[in-house]
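Work through the exercises below with the sequence and the structure side by side. Try each task before reading its solution.

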Amino acid sequence: DELSESAVKYIEKQVSNDQHFMLYLAYNAPHTPLQATPKYLSRFDHIKDPKRKTYAAMVSAVDDGVGQILKTLKKSGIEENTIVVFLSDNGGAKNNGSDNRPLRGRKSDLFEGGIRVPFALQWKGTIPAGQVYSHPIISLDIMATITALAGVKIAEDRPLDGVNLLPYLTGKNNEAPHDQLFWRK
């Protein structure tokens, strides 16, 4: 809750000062240690497994926080001028009540249950709402997308590993953005 509240205050301050901004908000939920307030735990009284219940409560807290941030962007009049990216860093772990089914694997695996994660991108008025993009993408594409939008020149001898996703998400390019994806472990 504190991370969400701080993010909202930061956005409001930047808007009131007419400043461009970038906000990187890395929630520590639903990582261990599993902790949730009664407010969120009470939403999941039907879940009997204490780890699973706390995990669900933590995810619910993140959902509420993201909702607060989106409402703040809308209320501030910058919703259509702001790119919002939401993703997880890995699949659920063994020890926290998460469930990756039907995917095989978990956090630290290279099976889909370890690397296939929620990834949502919103840019109202530019990226069609409700679109489900089925080609594989990777978090490295975020940097490439933002630098392309900002007009940042990337050194030819140090190219980015990601690609600008906007042509793919807006339908200007119907090819897959990647032939292959690689992980190093």
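**Exercise 1. A patch on the surface**

Which residues form a nonpolar patch on the surface, and about how much accessible area do they have together?

Solution. The model is predicted. Start with the members: Met-143, Val-152, Ile-154 and Leu-160 form the patch. Together they have about 310 Å² of accessible area. Next, place one of them: Ile-154 sits in the loop between helix 5 and helix 6. Then check its exposure. Ile-154 has a relative accessibility of 31%. Partly exposed covers the range between 20% and 50%, so Ile-154 counts as partly exposed.

**Exercise 2. Helix 5 and its cover**

Find the buried residues of helix 5, then name an element that covers them.

Solution. Helix 5 spans residues 140-150. Its buried residues are Asp-141, Ala-144, Thr-145 and Thr-147. Now look at what lies over them: the cover includes helix 6 (166-169). Finally, step just past the end of helix 5. There Gly-151 takes a positive phi of about 75 degrees.

**Exercise 3. The chain as a whole**

Describe the fold pattern, the box and the burial of the chain.

Solution. Count the elements: the chain has 6 helices and 2 strands. Put them in sequence order, and the pattern reads α-α-α-β-α-β-α-α. Then take the dimensions. Along the principal axes, the C-alpha atoms fill a box of roughly 50 × 45 × 30 Å. Of the 185 residues in the chain, 29% are buried. The accessible surface comes to about 12,900 Å². Carbon and sulfur atoms account for 52% of that surface. Last, consider contacts between residues at least 6 apart in sequence: 54% of these join residues at least 24 apart.

**Exercise 4. The nonpolar cores**

Which residues make up the largest nonpolar core, and which element gives the largest share?

Solution. List the members first. The largest nonpolar core has 11 residues: Ala-7, Val-8, Ile-11, Tyr-27, Ala-29, Met-58, Val-62, Ile-69, Leu-73, Ile-78 and Val-84. Map them onto elements. Helix 1 (2-16) and helix 3 (50-75) each give two or more residues. Helix 3 supplies the largest share, 4 residues. Apart from this core lies another, of 6 residues, including Phe-44, Ala-56, Ala-57 and Ala-61.

Now zoom in on one core member, Met-58. Set aside residues up to four places away in sequence. Met-58 then touches Ala-29, Pro-30, His-31, Pro-33, Leu-34, Gln-35 and Ala-36.

**Exercise 5. An aromatic pair**

Identify the aromatic pair, classify its geometry and say what it ties together.

Solution. The structure holds 1 aromatic pair. Its partners are Tyr-10 and Phe-21. The ring centres lie 5.9 Å apart, with 85 degrees between the planes. Planes over 60 degrees apart count as edge-to-face, and this pair is edge-to-face. Locate the partners next. Tyr-10 lies in helix 1, and Phe-21 in the loop between helix 1 and helix 2 (38-41), so the pair ties together parts that are 11 residues apart in sequence. Then compare exposure. Tyr-10 is partly exposed at 31% relative accessible area. Phe-21 is partly exposed too, at 26%.

**Exercise 6. A residue in contact with Phe-21**

Is Gln-14 buried or exposed, and which residues does it contact beyond its neighbours within four places in sequence?

Solution. Gln-14 is placed in helix 1. Its relative accessible area is 12%. The cut-off for buried is under 20%, so Gln-14 is buried. Leaving aside neighbours within four places, Gln-14 contacts Gln-19, His-20 and Phe-21.

Terms used
Residues are numbered from 1 along each chain as its sequence is written. This is a predicted model: local features need pLDDT of at least 70, side-chain atom pairs count only at pLDDT 80 or more; totals for chains, interfaces and linings use all residues. Side-chain values use heavy atoms; hydrogens and water are left out. A nonpolar core is a set of buried Ala, Val, Leu, Ile, Met, Phe, Trp, Tyr and Cys residues joined through side-chain atoms within 4.5 Å. Buried means under 20% relative accessible area, exposed over 50%, partly exposed in between (1.4 Å probe, protein chains only). Contact means heavy atoms within 4.5 Å. Rings of Phe, Tyr and Trp (its six-membered ring) pair if their centres lie within 6.5 Å; planes under 30 degrees apart count as stacked, over 60 as edge-to-face and the rest as tilted. Patches are made of residues with over 30% relative accessible area and no salt bridge: like charges are joined within 9 Å, nonpolar side chains (Val, Leu, Ile, Met, Phe, Trp, Tyr) within 5 Å. Accessible areas come from the Shrake-Rupley method with a 1.4 Å probe; for residues, only the protein chains shown count as cover. A salt bridge is a side-chain nitrogen of Lys or Arg within 4 Å of a carboxyl oxygen of Asp or Glu.
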